[in-house]
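Biologist: Please take me through one part of this model closely. I would like to hear about the salt bridges, pair by pair.

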Amino acid sequence: MSGTVPGNVGALRELANKCGVATEYWDFSGNHRQVQERVLVAVLEALGRQAATDEEVARSLAEVELEPWRDALPPSVVMRSGFSYELPVHVHHGERVTVRVELELGGQWQLSQMDVYVAPREVDGNLIGRATFYLPENLPLGWHELVAEIGEGEFWREVRCPLAVTPFRLDALPGRDWRGWGVMAQVYSTLSSESWGMGDYGDLADLAQISGEQGADFLLINPTHAGEPIPPITASPYLPVTRQFVSPLYVRPQLIEEYGKLTAPARARLEDAQRRWQAAARSIERVERDAAWASKLEALEEVFHVQRRFGRQAAFDRFRRRGGQSLENWGLWCALVEELSPERGCAKDGIDWPVGLENVHGKDVEAARERLAARIDFYVWLQWVADEQLAAAQNTARDAGMRLGVMADLAVGVSKHGADMWTMPENFAKGMGVGAPPDMYNQQGQNWDQPPWRPDALARAAYRPLRDMARTVLAHSGALRIDHILGMFRLWWVPAGESAADGTYVRYNHEAMLGVLLLEAHRAGAVVIGEDLGTVEPWVRDYLADRGVLGTSIMWFEKNEEGGFLAPQDYRTLALSTVNTHDLPPTAGYLDGEHVELRHRLGLLEDDVEQVRAEARAERAQMVGELIERGYLVDDAASEPQIIAGMHRFVADTPSQLVGVALVDAVGEKRAQNQPGTDEEYANWRIPLGDGTGTPVLVEDVAGSERAHSLFAVMRQAMGTRPRS
């Protein structure tokens, strides 16, 4: 970032506002903040708008005004069922034009031109007029196409653009009065004696069976987006290389049909490797993804080369055809990473891409595709077996009686060194990182170092990246949690080289983005939950509720105007309410003040540590007092398990339609899975499930855990459900 800013600050701010870039905002303390001019210039340049001088700002302002007039149809149209829409069509002044909708399932819908006069204007030396057409409110849901026929005779031409008609409201819950509870778990941390050093899709299925038998209706898990194909593998499931494909890291080799057809020597080798992981499961201190994947990858290579029976090969071929070019590009990216950086992967510093292979549009890409065909086959096959095992886990959940089953989690972004950046670079803003401004729990702000989508590029791509991503995560789940759903409305962009506090919000077309996601959720029959914590504009939660999207309520964060804990009856109905979240220590740790001590050890506190400790003790006392006053505890001599049970009875007594129990709370774990604002300073996303002493708790232990069963019984009693067996 050059640091050059124009002299006419008013024009710069006008340009920023027209481009959806915030020039001011309110922080978490209620203070009004002005965004610095150098930040505005950097963000505008990332959006393709030059703004370093007064002349550049003037040219960019003119371009913003003219751009819609240069194309006959918008790049894409997303409308909500139940609402009509006025479609602007730009043609040479006086030119004849008709517009129709070609419906996804066949048939056409001719549109009527409206009597709306808009003065023509000169664009690039031509007089361009605007005709307005009426898109009716009763168009069927789906992905359609708008077709404009313009001109006559030799001047006749046809122009097309995608049209998505999205649900007015998503009503995917079993009923407006229905309530359900579920378990929340980090899959990588839930090891068993059958997994290879970390939890896998087989463990997911077993945990779904256990939870379903206890009466749970959903199992919320961490994102299972794909990470790097070779070590080092990023620990955070919220920093994948792509959100369009799933992680083969969680595949259990023994569950693949061809595993049983291995030669005796090969099977003996792999069983010996698995036994070593089994022996280590009871003493594991950290989830070591790199070692686990290296061992598992050897097994998967062996299984891949086993001859598949006719039906299995046909199923693989169908999966590959459905995946199309995107799946092939994913396989190519993996093969290239393996070839170009066999020792160190791309997790930290990325790949030094050769000229011609810098992205999927490079001149040497097709030659590489031919050269690496065998490895592409392997990485595509990994997607197939991962998809099969995810499907099996969801089937197990539903067979166990869960009404929703697996609740997938959608990360807010991807790695700047990842596959999405390589396969569709035009959709991302360069030189920007996504994060969050300072708040009470992260006083220095956050920069997750993830490149943001460009709002204008998404519209040009007809939101296909969002649609394809949604289809992947909804393929084998009955519900979807969207991490930081505020990113559908605005994201905090941080220019490279700036602190996390020196960024600004960039607005997105939330009506289009949320609409596309709801259309895919409607097709999948899935519930959508938005993580709407943090600084939220008041109207946003109302909008989400109107669209049928559940919000998120965390007991520690739900306060009234006087600073006390919100009464159960005052919680939202359309919400997933929980005591805990993965960005805080488990409740046992929080009650012990671990959220303060951990941040103190890591140097993340800006206030005096004794003051923060005192505030944490006061908050704990306030919580216990609230529980006593409402009859959830007898007195303040209650034990830790009793306090945790009382907190869950409190949350279960809210009107919220979904209530979650963190698996870490069910077994007494105290260690945090993640500390926001850190990378290698803490073992984020590498803590195996354990009890209050850190002793590993395996999936099979959960099935027989008295402490877990006791907390699950609290939920059944409070929610009026029964165990299933």
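Modeller: What follows is a look at the salt bridges, with a short stop at one helix. Keep in mind that the model is predicted.

The count comes to 61 salt bridges. Start with Arg541 and Asp532. They form a salt bridge, and their closest N and O atoms are 3.2 Å apart. How exposed is each partner? Arg541 has a relative accessible area of 32%, so Arg541 is partly exposed, between the limits of 20% and 50%. Asp532 is at 0% relative accessibility, so Asp532 counts as buried.

Next come Glu640 and Lys670. Their side chains meet in a salt bridge at 3.9 Å, N to O. This pair links distant parts of the chain, 30 residues apart. Glu640 sits in helix α18, residues 640-652. Lys670 lies in the loop between α19 and α20. Glu640 is partly exposed, because its relative accessibility is 22%. Lys670 is partly exposed too, at 28%.

Now take Arg686 and Glu680. Their side chains meet in a salt bridge at 3.6 Å, N to O. Glu680 is exposed, because its relative accessible area is 51% and the limit is over 50%. Some salt bridges share partners. Such bridges join Arg100, Glu102, Glu145, Glu149, Glu158 and Arg160 into one network.

Last, the helix. Helix α13 covers residues 510-524. Its 15 residues should span 21 Å at 1.5 Å a residue, and the end C-alpha atoms are 21 Å apart, so the two agree. The buried residues of α13 include Ala512, Met513, Leu514 and Glu520. After α13 comes Gly525, with a positive phi near 70 degrees.

Technical notes:
Residues are numbered from 1 along each chain as its sequence is written. This is a predicted model: local features need pLDDT of at least 70, side-chain atom pairs count only at pLDDT 80 or more; totals for chains, interfaces and linings use all residues. Side-chain values use heavy atoms; hydrogens and water are left out. Helices (H or I, at least four residues) and strands (E, at least two) are DSSP runs, numbered from the N terminus. The expected span of a helix is 1.5 Å times one less than its number of residues. Buried means under 20% relative accessible area, exposed over 50%, partly exposed in between (1.4 Å probe, protein chains only). A salt bridge is a side-chain nitrogen of Lys or Arg within 4 Å of a carboxyl oxygen of Asp or Glu.
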